[in-house]
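Good morning, and thank you for making time for this item. I would like to go through the side-chain contacts of one structure, taking charged pairs and aromatic rings in turn.

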Amino acid sequence: MNCEECGKRPATLHLTKIVNGEKSETHICEQCAKEKGEYFSGFGNFGLNNLLAGLLNFDPMNKGVSSQQMNQNTVSPLTRCETCGLTYTQFSKSGRFGCSDCYNHFGAKLDPLFRRIHGNTQHMGKVPERTGSQLKIKKDLQQLKTALQQHIATEEFEKAAEIRDRIRALEQKIEQSK
């Protein structure tokens, strides 16, 4: 697709505007966009650092977070990492830590951010699908063995017998897949 302004260069900037339910699309090349200026106002120098900085400065009050949680998660902009001297303001502008201790110094403000971005504050990892079934069976087997020991300790022998049978079925499944 060629630029709608000059018609010579390929369009590299594709803008979609929706105003009052009406959609308009504009396709222009980078040079024409720079010449016009209007297309790049608000888009210039946009990168991952700016995205992170915007996320770090979100207003939790508008996201259903209580004021008590907000007070627990606040870090003063002047809070400084004792190791590298980086302030929270500097971090929010660059999106980068100065050292590994910054996680500890700015941690109260990072947990809500990580929860928003990743859905959790701990890395859970991923398991490939083709090997995941074996790992899941082994994990289930370990959990069942733990539950079996608990039921035996509390003398719940009927539940222990059910779990024992499930353990045997899983062990057979593992043997068959080898």
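Let me begin with Glu 25, whose relative accessible area is 41%, so that this residue counts as partly exposed. Please bear in mind throughout that the model on the screen is a predicted one. Which residue does the side chain of Glu 25 meet in a salt bridge? The partner is Lys 23, at 3.4 Å from N to O. Lys 23 itself has a relative accessibility of 58% and counts as exposed. The cut-off for that class is over 50%, which is why the two partners carry separate labels: Glu 25 at 41% is partly exposed, while Lys 23 at 58% is exposed.

This contact belongs to a wider set, since a search of the whole structure returns four salt bridges. I shall discuss two others from that search.

One of them joins Lys 136 to Asp 140, with 3.1 Å between the closest N and O atoms. Where do Lys 136 and Asp 140 lie? Both are in helix 7, which covers residues 129–153, and they are four residues apart, about one turn of the helix. As to accessibility, Lys 136 is exposed at 51%, whereas Asp 140, with a relative accessible area of 25%, is partly exposed.

The other involves Asp 165 and Arg 164, whose closest N and O atoms are 3.2 Å apart. Here Asp 165 is partly exposed at 40% relative accessibility, and Arg 164 is partly exposed at 35%.

I turn now to the aromatic residues. How many aromatic pairs does a search of the whole structure find? The search finds three. Among them is the pair of Phe 97 and Phe 106, with 6.4 Å from centre to centre and 10° between the planes. Planes under 30 degrees apart count as stacked, and the pair of Phe 97 and Phe 106 is therefore assigned to that class.

Is Phe 106 buried or exposed? Its relative accessibility is 0%, and Phe 106 therefore counts as buried. Phe 97, by contrast, is partly exposed, with a relative accessible area of 24%. The cut-off for buried is under 20%, so Phe 97 at 24% falls outside that class.

Finally, these two rings are part of a cluster: Tyr 88, Phe 97, Tyr 103 and Phe 106 form one aromatic cluster. That concludes my remarks, and I am glad to take questions.

Definitions and conventions:
Residues are numbered from 1 along each chain as its sequence is written. This is a predicted model: local features need pLDDT of at least 70, side-chain atom pairs count only at pLDDT 80 or more; totals for chains, interfaces and linings use all residues. Side-chain values use heavy atoms; hydrogens and water are left out. Rings of Phe, Tyr and Trp (its six-membered ring) pair if their centres lie within 6.5 Å; planes under 30 degrees apart count as stacked, over 60 as edge-to-face and the rest as tilted. Buried means under 20% relative accessible area, exposed over 50%, partly exposed in between (1.4 Å probe, protein chains only). Helices (H or I, at least four residues) and strands (E, at least two) are DSSP runs, numbered from the N terminus.
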